[in-house]
Amino acid sequence: MSSNRVAAAAVVAIAVALFAATFWFEQMPEGITRGFGAEAFPRLVLGTIVVLAVLLAFVSPTGEALPRIPPMVYYTSASLLAFMALVPVTGMLPAMFLFLAGLGYLWGERRHWLLLLNAGLLTVAIWAVFVKGFGVQLPHSFLFPS
Amino acid sequence: MEAFLAGMALLLDPKILLVVFAGTVIGIIVGALPGISGSTTTALLLPFTIPMGPVPAIAFLGAIYCAANFGGSITAILVNSPGDPSASATAFDGYPMAVKGEAGRALGMSAVASAIGGIFSVVVLIIAAPLLARVAYSFGPPEYFALAVFGLSMVAMSGGDSMLKNLIAGAFGVWLATIGRDLTTGVERYTFGIHSFSDGIEFIPVLIGLFALTELLEQASQLRNKAWVAKLGAVRLPSWDDVRKCSKAIWLSSAIGTFIGILPALGATTAAMIAYVETKRWSKNKAEFGKGAIEGVAGPEAANNAAVGGAMVPTLALGIPGSTTTAIILAGLIVQGVRPGPHLFTEQPLLLYAVFSSMLLANLLYLVLGLGFAKVFARISLVPAPLLWPAVFVLSVIGAYAPNQAMAEVWVAIAFGFIGFFMRRYGFSPAPLVIGLVLGRMVEETLKQSLLIFDLNWSGFLGRPIAMTLFGLTVLFLLGPFLLQRLRGRP
């Protein structure tokens, strides 16, 4: 199937699912909705999206053949998710330090001192500006609960 | 006039001066970094503007917007890799000039043309925006609804090449704006039990995800590409002969850029491309173009900076963004509790004139900084990707987290990073989505208000000539390209 048809099919599937979700919205009496309920506008928009996606599938059915997604994109995506998993365990700042050094290494930087220096400086800068400067409360973690 | 003078006087405030200076330097630096555009930067730095207050925040974002377009030309000329998409046309002749050993001359002309184009458009902004606002002041909900729909129709031509894909992305952005509590009934929509979604989806994490995190994943897929870096001689002022040779190109392109910038959803990149073509068309040295013509640098640079001021006209006067970055600036104003539109000119004239004067200052600053420090800024492009992009992610995380101090917002940013990656892969531009998200609430609110005025009778719009004119323009813009194709006999 061409990339445009794949995209159109995905858009229709998402729009139909979101349209279906409007049937679970809380129902309000006519006196409050005044003929235009909370579901009306999302349905109008999603209906428009479905029509446009169907048009895309038939008006531009071809679309370029897409190259494979390079493995590095998967590794990078996994590292983003690993960072999110690490935050509740180590806390945000240690997770940032590990992420900065880890992704830099994954992307091919082999000067360890530079990776550690970059990770250390940036983590300290974020702590100084946000935690000390703006008073941002970082999320609590399992290892460092306070 | 008093408000204008008061706005100019704000430039004497050291805090404003500092944020404009910082915004200009940051704008030039990030503009010079390939992959990080002005829109990515404004999205990334938007959370940091929240504690600043409205005037410094908008002055800061405006300065970044002005300077990033110029910064993009540095790497376009030196590395043949435009730091900002709007500098793509600059590379056509700027890079050949650098290869010939004229990098300094090209950078000097870029700074001069950018500053002239930028200042020209801010002057137009100062004159045109209040006039447009005066016309719009008589608008009611039906006219605003028609205007918002017209703005949305313009997304068809923004971003990617496919009009249908742009419209789908724009409509998806409008749908995103429906997340949260319905204003009329109080019913929660698509919140899925997540408390922070009740007040609607936050602009900041969506913008950070769509721009910064999507670009991180894009960079991950292009790690092996390396550019050849031209040697940079001293940056020098263009000679009087150069200025004379380019003056026609600069003024023509400044006018083109300002006009294109004013049109909703057409931005600096389009302006620069059209200006390049027109500069070549009206030049006596057509044969030099593509081989290192200095006019080929002056034209696009004047136009892409002129588009900045132009794009601010509908943004401030009507609340309709003229480009992706102005959509983000609009989000910045909304976050500050300021709703752009004609009433701004009567209610908060000081804020507006502060924006105008800070943009003027930013244009002068990057002329000075561009001529003095281009060589230093150019070195920024040599920061290795394995150090730069993980840092962008970490800043994205803290940027998404800090405003509400909620990890849910970081998840939203990451989710939109993935969504943006797949959108780009399948040819959907994120720009229409952002414009749809910004305009979505206005579309729904004004539609509801209009239908209440018309007693739920859609034909009520027929009695509103301005609204009908705007609907007519919407149809014309959407169907015009198809009709033109038919008239020319193409399939």
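Me: How many residues does each of chain A and chain B bring to the contact, and what makes two residues count as touching?
Reply: Chain B puts in 42 residues and chain A puts in 53 residues. Two residues are in contact if their C-beta atoms, placed from the backbone, lie within 7 Å. This is a predicted model, where local features need pLDDT of at least 70, side-chain atom pairs count only at pLDDT 80 or more, and totals for chains, interfaces and linings use all residues. Residues are numbered from 1 along each chain as its sequence is written, while chains are lettered from A and ligands numbered from 1 in the order in which they are written.

Me: Which helices of chain B supply the side that touches chain A?
Reply: At least two residues each come from α8 (163-176), α9 (203-220), α16 (385-401), α17 (407-425) and α18 (430-453) of chain B. Helices here are DSSP runs of H or I with at least four residues, strands are E runs of at least two, and both are numbered from the N terminus.

Me: What is the split into nonpolar, polar and charged on that side of chain B?
Reply: That side has 31 nonpolar, 5 polar and 6 charged residues. Ala, Val, Leu, Ile, Met, Phe, Trp, Tyr, Cys and Pro count as nonpolar, Asp, Glu, Lys and Arg as charged, and the others, Gly among them, as polar.

Me: How do you know how the radius of gyration of chain A sits against a compact globule?
Reply: Chain A comes out at 24 Å, whereas a compact globule of 146 residues would be near 15 Å. The radius is taken over C-alpha atoms, and the globule rule is 2.2 Å times the number of residues to the power 0.38. The C-alpha trace of chain A spans about 60 × 50 × 25 Å along its principal axes. Chain A has 6 helices and 0 strands.

Me: Why is the largest nonpolar core said to lie between domain 1 and domain 2 of chain A?
Reply: The core has 208 residues, and those with the most contacts inside it are A:Ile49, B:Ile168 and B:Leu207. Both domain 1 (3-59) and domain 2 (71-133) of chain A give residues to this core, so it lies between them. The bounds come from an automatic or database domain assignment. A nonpolar core is a set of buried Ala, Val, Leu, Ile, Met, Phe, Trp, Tyr and Cys residues joined through C-beta atoms within 7 Å. Beyond four places in sequence, the contacts of A:Ile49 include A:Val11, A:Ala15, B:Ile168 and B:Trp175.

Me: Why is α12(B) called largely enclosed?
Reply: A residue is buried if 20 or more other C-beta atoms lie within 10 Å of its own, exposed if 12 or fewer, and partly exposed in between, with C-beta atoms placed from the backbone. In α12(B), 24 of the 24 residues are buried, so the helix is largely enclosed by the rest of the structure. Right after α12(B), B:Gly319 has a positive phi of about 80 degrees.

Me: Why does B:Phe192 count as exposed?
Reply: B:Phe192 has 8 C-beta neighbours inside 10 Å, so it counts as exposed. B:Phe192 sits in the loop between β2 (188-189) and α9 of chain B, and its phi is positive, about 50 degrees, although it is not a glycine. Most residues other than glycine have a negative phi.

Me: And why does B:Gln405 count as exposed?
Reply: B:Gln405 has 12 C-beta neighbours inside 10 Å, so it counts as exposed too. B:Gln405 belongs to the loop between α16 and α17 of chain B, with a positive phi near 50 degrees.
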